[in-house]
Amino acid sequence: MLIMIPTLFVISALVFGIIKLPPGDFISNRIQELKSQGESGALDKIEFLRQQYGLDRPAIEQYAIWIGVWPKDGQFQGILQGDWGWSMEYNRPVGELVGDRLLLTFIVNFATILFVYVVSFPIGVYSAVRQYSIGDYSFTLLGYLGLATPNFLLALVLLYYSNVHFGLQIGGLFDEQYIDAPWSLAKIQNLMAHLLIPTIVIGTSGTAAMIRRLRANLLDELQKQYVVTGRAKGLPPLRLLIKYPIRMALNPFVAEIGAILRQAVSGSVIVSVVMNLPTSGPMLLAALESQDQYLAGSFLLFLALLTVVGVLISDLLLAVLDPRIRLEGGAQK
Amino acid sequence: MSVWSRLLPFSALTPVAAALICATAALPAWALDYKEPTMLQADVAAGKLPPVAQRLPATPLVEEMDGKTRQVGKSGGDARMLIGRARDVRMISVYGYSRLVGYDEKFELKPDILKSIDVEDDRVFTMHLRPGHKWSDGKPFTSEDFRYWWEDVTNNKDLSPAGPIVDLMIEGELPKVEIIDKETVRYSWSRRNPFFLQRLAGAAPLYIYRPAHYLKQFHAKYADKAALEAKAEEANARSWAELHNRLDTMGHFTNPDMPTLEPWNIATRPPAIRFVAVRNPYFHRVDPKGMQLPYWDRLIVNQADGKLIPAKSAAGEVDVQARNIAFNNFTFLKENEKRSAYRTFLWRTARGSQMALYPNLNANDPVWRELNRDVRFRRALSVAIDRQGINASLYFGLALESNNTVLPDSPLFKEVYQKAWTEFDTKLANKLLDEIGLTKRNPDGVRLLKDGRPLEIIVETSGEDTEQTDVLELIRDNWQKVGIKLFTKPSQREVLKNRIYAGETTMSIWYGLENGIPTAAMSPGELAPLLQDSMQWPKWGQFYETKGQSGEAPDMPAPKELFDLYGEWLNATNDQQRTEIWHKMLKTYTENEFSIGIVSGVPQPVVVGNAVRNVPEEGIYNFDPGAFFGVYRMSSFWFDR
């Protein structure tokens with residue numbers, strides 16, 4: 001568990017280094033952009049900003065300030081102190097910006113995970129139990145289609161047709177009138193209606209992959225001796241299935257949690273951009289493009305943290321679920 | 001003082017000044033019975049807001065409505081539009097286009113916020129405010145707001161560490177700023193400043209005033225020190241100056257507390273994806289019937305990914321939209337007109353060229369540099385391009401096949417500038433290339449440079465615009481016929497610019513002249529080697545920009561001539577002289593093909609809801625001058641429903 005801390009440190013350095021790699025910085029990007037629009041007049045505050053953001057200092061120092069091991073203007077103000085830094089693009093603390101979007105990000109991704117599990121579990125089990133039946137083949141075909149279709153394309157197609165045929169607004173998670181409204185039953189309903197397409201789009205490939213994995217695992221188990229024994233002893237087929245092989249085949253479901261938590265923030269970036277969802281993905285992408293280094297860096301670090309924590313959670317859950325893992329781990333100690 | 005300047009005979013003034021004064025020849029505004037916009041009636045009745053006559057300046061600006069393209073309309077309604085990035089909320093100040101002086105739809109300068117302005121010899125500018133003009137919070141707008149900006153903002157070391165804004169300097173000289181009385185301010189220089197009014201009228205203008213009453217509470221000179229420090233601390237700012245600069249969002253529309261003179265003020269505090277701007281109850285324009293403008297109560301500006309904006313527009317989610325829509329969306333938009341109840345207008349654009357090739361005259365490679373500097377070579381490249389073919393295959397033939405020069409909308413336009421060396425003529429191109437001595441070819445038919453390398457031109461692009469790469473594909477086929485090979489090398493804007501500055505590129509592709517619709521009074525600077533950003537002569541531009549500290553001095557006769565002509569233009573005393581200089585420069589520039597324009601005037605689709613009135617069917621879509629919808633006065637757009 002303690003290995004998490006150095007891991008995160010290394011990740012933070014890598015993240016910052018990579019953000020710094022492209023030539024120029026936020027300010028020079030901004031200058032180029034203003035100039036290309038013929039807005040040289042807006043350049044008056046640029047020097048002020050460069051100093052204010054500390055972009056005139058060496059990269060190592062900027063990194064140390066961001067982490068909070070180097071003082072800026074006599075103060076330690078960094079991630080270690082709980083300050084995620086300052087977004088230059090939005091001119092606001094990163095913490096404030098990210099918070100607003102994380103909730104919606106979690107809603108979208110929670111819905112997606114739910115969709116993946118709810119759809120893939122019965123289909124996966126069915127395909128394994130009725131291997132090579134018509135049902136298995138048709139689900140397999142669908143699954144491969146789901147895996148093979150780039151999800152941004154699926155997003156565009158669904159957006160267009162749902163707009164033309166159902167009058168759903170293109171992109172976004174709410175209708176116009178609900179965007180600024182406080183939370184209410186109507187707003188939640190509105191959100192639900194808008195969640196449908198993103199959920200399907202983001203979840204399709206995950207569902208397909210999960211079906212295949214569950215099917216393969218279950219098939220392995222179904223051929224094992226204990227299943228044959230159980231059947232020979234006259235256990236009802238359904239009870240047999242649920243009691244033994246399915247439990248064994250559940251491992252990948254749980255092991256996925258680590259990956260899913262990470263995906264909750266990053267995995268759906270492209271779809272979110274295409275569908276104009278007010279989640280964290282588009283903001284991360286924009287931050288990287290404009291080299292808004294603290295916003296992008298904090299986002300990525302947060303992702304890393306989620307991955308690390310997710311792996312930990314799934315390890316713990318696996319140990320709870322599967323005695324073999326628990327015992328093997330214990331044996332090593 | 002202001003009296004004698006006004007009494008000067010017109011001949012002593014520049015024509016611009018004359019026009020300005022004529023335009024202010026008092027309209028009978030006082031005769032009007034002002035009408036209250038519906039939205040504000042309740043507040044007025046409840047006593048929360050003074051009645052309209054007290055909110056307006058003593059002489060409001062009466063918008064002219066000719067009854068044809070512009071009709072007197074109805075007040076009310078929320079107009080929806082889309083932006084690609086949150087930062088683009090500043091477009092509200094561009095569309096609102098409330099300026100001290102501004103362009104009208106004929107691109108002539110007229111006073112707007114100012115009641116009038118007297119200009120002497122382009123040196124002395126005396127501005128007269130409208131008595132009784134108020135900020136959007138109801139506080140008076142006076143010369144104190146000008147003084148505050150000049151003394152306490154731009155001349156304050158903490159707020160402007162780099163010193164007063166360079167835009168106000170003429171050859172290093174700052175203006176003399178006099179606050180004459182409550183409604184009169186004078187800026188004067190000892191030399192001519194032909195840019196001053198244009199900068200005030202810009203789409204992203206030079207704001208020489210600030211709402212002093214609001215900002216003073218954040219200024220160390222006026223506010224209580226302890227309270228100010230507490231405020232800065234609370235806002236997570238490291239100094240009062242940072243707080244002041246952050247809150248002083250003139251033209252950016254990110255601070256709802258900051259009063260404005262624009263037709264709408266932002267009411268949404270960022271971060272958000274849906275921004276609402278609400279009418280300014282103290283706005284200074286009225287329609288001919290006395291109804292206070294703007295007609296629209298609110299602007300609802302939603303942020304969406306730029307690539308979704310055409311689709312969302314086609315789904316009827318906007319009332320007026322042109323931003324993030326490109327010409328290649330036109331057919332798609334037309335197709336959906338009926339379904340979503342809107343019209344698609346095609347406006348003209350004002351860039352000198354949609355895109356142009358820039359041979360680098362400062363290339364490091366001596367062989368390429370010599371070749372790029374040979375006018376026959378540049379002409380050969382130009383006539384080897386089949387512009388008609390490009391126009392037909394990419395723009396449905398709706399664009400103009402043209403050099404990178406002024407457009408027909410400009411009074412300076414001559415057909416010869418547009419057409420010189422643009423006629424597709426492979427024979428002529430071959431003849432010119434042979435004349436230069438590029439006669440040897442390799443087995444593939446590609447000509448050889450004099451040191452034996454094949455004539456392979458690498459055109460570098462910023463990789464942002466697929467349109468550029470498409471055009472380069474077509475040019476490649478054209479050039480193959482004259483024995484020139486073209487390669488496209490996409491990179492990234494920042495990288496590309498640095499390579500160009502350093503002379504590492506042989507050729508690049510970029511947009512054409514920023515302003516293709518200039519009048520003689522506008523600067524011809526883009527045609528001369530003044531800026532490092534000019535991709536055909538980056539090092540000469542750098543030389544001028546750094547006053548000779550780095551870069552190279554121009555060493556070719558024609559660019560030198562352009563540079564000298566620009567100097568003459570700066571010192572010209574009347575428009576006739578300026579026009580002559582412009583024509584000389586345009587002639588030299590196009591004759592020499594310093595940049596090779598491909599097509600220009602690519603139309604801009606403008607989506608306009610069926611109920612929206614007063615948006616002209618034909619217009620010019622340009623940032624500066626133009627402010628996009630600004631010169632067409634968005635404050636008088638209205639809903640007929």
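Select first the place where the two chains meet: 34 residues of chain A and 36 residues of chain B take part in the contact, two residues being in contact if their C-beta atoms, placed from the backbone, lie within 7 Å. This is a predicted model, in which local features need pLDDT of at least 70 and side-chain atom pairs count only at pLDDT 80 or more, whereas totals for chains, interfaces and linings use all residues. For the selections, residues are numbered from 1 along each chain as its sequence is written, while chains are lettered from A and ligands numbered from 1 in the order in which they are written.

Keep the chain A side of this contact on screen and colour it by element, where helices (H or I, at least four residues) and strands (E, at least two) are DSSP runs numbered from the N terminus. The elements of chain A that give two or more residues to the side touching chain B are H2, helix H3 (46-52), strand E2 (92-93), helix H5 (94-129) and helix H14 (269-275). H2(A) gives the most to this side, with four residues. By class, the side of chain A that touches chain B has twelve nonpolar, 13 polar and nine charged residues; here Ala, Val, Leu, Ile, Met, Phe, Trp, Tyr, Cys and Pro count as nonpolar, Asp, Glu, Lys and Arg as charged, and the others, Gly among them, as polar.

Next, stay in chain A and select domain 1 (4-83) and domain 2 (95-332), bounds that come from an automatic or database domain assignment. Their contact takes 15 residues from domain 1 of chain A and twelve residues from domain 2 of chain A. On the domain 1 side, helix H1 (4-20) and helix H2 (26-36) of chain A are the elements that give two or more residues, and the largest share, nine residues, comes from H1(A). Sorted by class, this side of domain 1 of chain A, touching domain 2, has nine nonpolar, four polar and two charged residues.

Now show the whole of chain B, whose secondary structure comes to 23 helices and 25 strands. Its C-alpha atoms fill a box of roughly 90 × 60 × 55 Å along the principal axes. Of its 641 residues, 50% count as buried, that is, with 20 or more other C-beta atoms within 10 Å of their own.

Within chain B, select strand E12 (residues 298-303), which runs parallel to strand E2 (residues 78-83) of chain B and is joined to that strand by six bridges. Strand E10 (residues 274-279) of chain B is joined to E12(B) by five bridges, and these two run antiparallel. Which residue in E12(B) stands opposite Ala79(B)? Leu299(B) does, and Leu299(B) is also the bridge partner of Ala277(B).

Move on to an open sheet of four strands in chain B, with the order E13-E22-E14-E24 and mixed pairing, where two strands pair if DSSP finds at least two bridges between them. Strand E13 (320-321) and strand E24 (620-621) of chain B are the edge strands, each pairing on one side only. E13(B) and strand E22 (residues 604-609) of chain B run antiparallel and are joined by two bridges, with Gln321(B) opposite Val607(B) in E22(B).

Finally, colour by pLDDT, the predictor's confidence in each residue, from 0 to 100. Chain B has a mean pLDDT of 89, and 95% of its residues reach 70 or more, but over residues 1-29 of chain B the pLDDT is below 50. Where pLDDT is low, the predicted coordinates should not be read in detail. The model scores ipTM 0.74 and pTM 0.81.

Conventions:
A residue is buried if 20 or more other C-beta atoms lie within 10 Å of its own, exposed if 12 or fewer, and partly exposed in between; C-beta atoms are placed from the backbone.
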